[in-house]
Every structure is written in structure tokens, then in C-alpha cells.
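Colleague: I would like to learn how to read a few local features of a model, taking them one at a time. Could we begin with the terms for how much of a residue is open to solvent?

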Amino acid sequence: MATTTSIGNRKDAAVIWLHGLGDQGSSWSDLSHQFAAKYEDRVKFVYPDAPIAPVTCNGGMKMPSWFNLADLPLTADSREFSADVAKSIETVESLVSKLEIEGIPSTRIIIGGFSQTIDDWLTDTNKKTPFFWGHGSNDPLVPVNLHISGTGLLRERGLVVQDKIYPGIPHSLAPNELDHVITFIAEKLGIEAK
């Protein structure tokens with residue numbers, strides 16, 4: 001199921017926002033309200049819910065998860081569950097297709113989220129896609145060294161990456177990071193400030 005926040009007028013752009021482990025899409029709906037407070041109301045926000053699945057790092061407990069995690073904190077050597085990621089990619093591709101049917105071209109759709117894997121999403125098709133990666137310096141679950149190596153890998157693969165490390169922030173979204181995300185969305189979609 002996906003929560004959709006569509007305030008006001010007809011939309012000509014969209015954001016698909018993926019929540020983190022154990023969370024739900026609707027808990028991120030403030031993103032659309034924050035955006036609409038500052039920018040023209042032309043963006044549809046979609047907040048899908050991950051399927052409920054057993055998560056290895058949590059003793060097999062079932063919870064909302066886009067993909068299984070073998071262990072926390074993550075390391076560069078953490079086991080990947082490619083089949084889970086592939087299913088999540090299919091879900092997002094389906095959401096993109098639905099948005100295209102509604103008249104929003106894929107070039108005007110941003111895919112974002114909190115605490116997501118990126119490697120399996122990269123294809124030759126999306127290498128010119130702008131990328132923003134924010135990360136808390138005190139994140140105990142996804143250590144900041146993964147941010148440093150991950151953004152370096154993205155740049156090596158030819159992606160244009162805007163990244164920022166937020167001092168003192170654990171595994172959460174910093175208030176100024178939300179501002180940076182909103183600005184990034186507006187700039188990349190060409191949405192004017194109010």
C-alpha cells in the first residue's frame with residue numbers, strides 16, 4: 001500500500017519516498033507539507049509501505065522491510081539479499097509506471113528515501129541522474145565510513161553526487177538535512193519558490 005500526498009493543483013512531477021526498516025510510508029508525509037510550504041504545489045509525493053518480512057539482523061522478526069539485512073551495524077562486507085532488492089526495484093518501477101500513466105514523465109520523478117541501499121539500483125540508464133546523500137556523523141547503524149566510500153563509488157561510476165555529513169546526528173534525519181532534501185528536489189524538478 002502507498003500513502004499519497006497530493007495537495008492542491010494538478011501535478012507535473014513526483015517524488016517516491018522509501019521509508020527505513022520497521023517504519024511506514026505515512027510517517028514521512030511531513031516531507032510533502034514542508035515542500036508545499038516553500039515551493040509551487042506541482043509535486044505529487046508517494047510514500048509506499050515496504051512488505052512485512054523477516055529481518056535476519058533482528059532475529060528473524062517480521063517487520064516492514066524493503067530488503068533483508070544480515071547484520072547491524074552495516075559494514076562494507078555485509079551480506080546483500082539481491083532478490084529482496086530486486087523485488088523492491090520492481091515495486092518502485094511499478095509506481096513509476098503508474099505515475100507515467102497519470103501523465104508524469106519518468107524524467108520528472110525523483111526516487112528518494114531513508115536508509116536505503118543503492119548499488120543494485122544503478123544502471124547505465126540512470127547514471128546521469130543527480131544524486132543527494134545525507135548522512136549523520138554519529139550513525140551507529142550505517143557508519144559514516146560507508147557514506148564516504150559509497151559517495152566515492154558513485155562518483156567513480158560517473159554519477160553527479162551532492163553529499164553532506166551532518167555533525168552529531170545519529171541514524172535519523174537532521175532538520176537542516178530535510179531543508180537540503182527539499183531544496184534538492186525543487187532544483188532538480190525546476191520548481192519555483194513561492
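Modeller: A residue is called buried under 20% relative accessible area, exposed over 50%, and partly exposed in between. Please keep in mind throughout that this is a predicted model.

Colleague: How does Ser 115 count on that scale, buried, partly exposed or exposed?

Modeller: Ser 115 has 33% relative accessibility and therefore counts as partly exposed. Its place is in the loop between strand E6 (109–113) and strand E7 (131–136).

Colleague: What should I look for in the backbone of such loops?

Modeller: Most residues other than glycine have a negative phi, and most peptide bonds are trans. Ser 115, although not a glycine, has a positive phi of about 60°. As for the peptide bonds, the one from Leu 72 to Pro 73 is cis, with omega near 0°, and Pro 73 sits in the loop between E5 and H2.

Colleague: How is E5 paired, and what lies between it and its partner?

Modeller: Strand E5 (residues 61–64) runs antiparallel to E4, and 4 bridges join the two; within this pairing, Ile 52 stands opposite Pro 64 in E5. The hairpin of E4 and E5 has 5 residues between the strands, and Gly 59 takes a positive phi near 65° there.

Colleague: Turning to helices, why do the buried residues of H3 fall on the same side?

Modeller: An α-helix has 3.6 residues a turn, so residues three or four places apart point the same way. In H3, the buried residues are Leu 146, His 147, Gly 150, Thr 151 and Leu 154. They cover an arc of only 125° around the axis, which puts them on the same side of H3. The face turned away from that buried side carries the exposed residues Ile 148 and Glu 156. The length can be checked as well: at 1.5 Å a residue, the 13 residues of H3 (residues 144–156) should span 18 Å, and the end C-alpha atoms are 18 Å apart, which agrees.

Colleague: Finally, how is a pocket read, and which residues are closest to the centre of the second largest pocket?

Modeller: Rolling a probe the size of a water molecule over the atoms shows where empty space is left. The second largest pocket has a volume of about 180 Å³. It is lined by 13 residues, of which Pro 51, Ser 65, Trp 66, Asp 84 and Lys 87 are the closest to its centre. Strand E4 (52–55) and helix H2 (82–101) each supply at least two residues of this lining, and the largest share, 4 residues, comes from H2. By class, the lining has 6 nonpolar, 4 polar and 3 charged residues.

Terms used. Residues are numbered from 1 along each chain as its sequence is written. This is a predicted model: local features need pLDDT of at least 70, side-chain atom pairs count only at pLDDT 80 or more; totals for chains, interfaces and linings use all residues. Side-chain values use heavy atoms; hydrogens and water are left out. On a 1 Å grid over the protein atoms alone, a cavity is a set of points where a 1.4 Å probe fits but cannot get out, and a pocket is an open set with protein on both sides within 12 Å along at least five of seven lines; lining residues have an atom within 4 Å of a point. Grid points are joined across faces, edges and corners, and a volume is the space filled by probe spheres set on the points. Ala, Val, Leu, Ile, Met, Phe, Trp, Tyr, Cys and Pro count as nonpolar, Asp, Glu, Lys and Arg as charged, and the others, Gly among them, as polar. Two strands pair if DSSP finds at least two bridges between them. The expected span of a helix is 1.5 Å times one less than its number of residues. Buried means under 20% relative accessible area, exposed over 50%, partly exposed in between (1.4 Å probe, protein chains only). The arc is that of the directions from the helix axis to the C-beta atoms.
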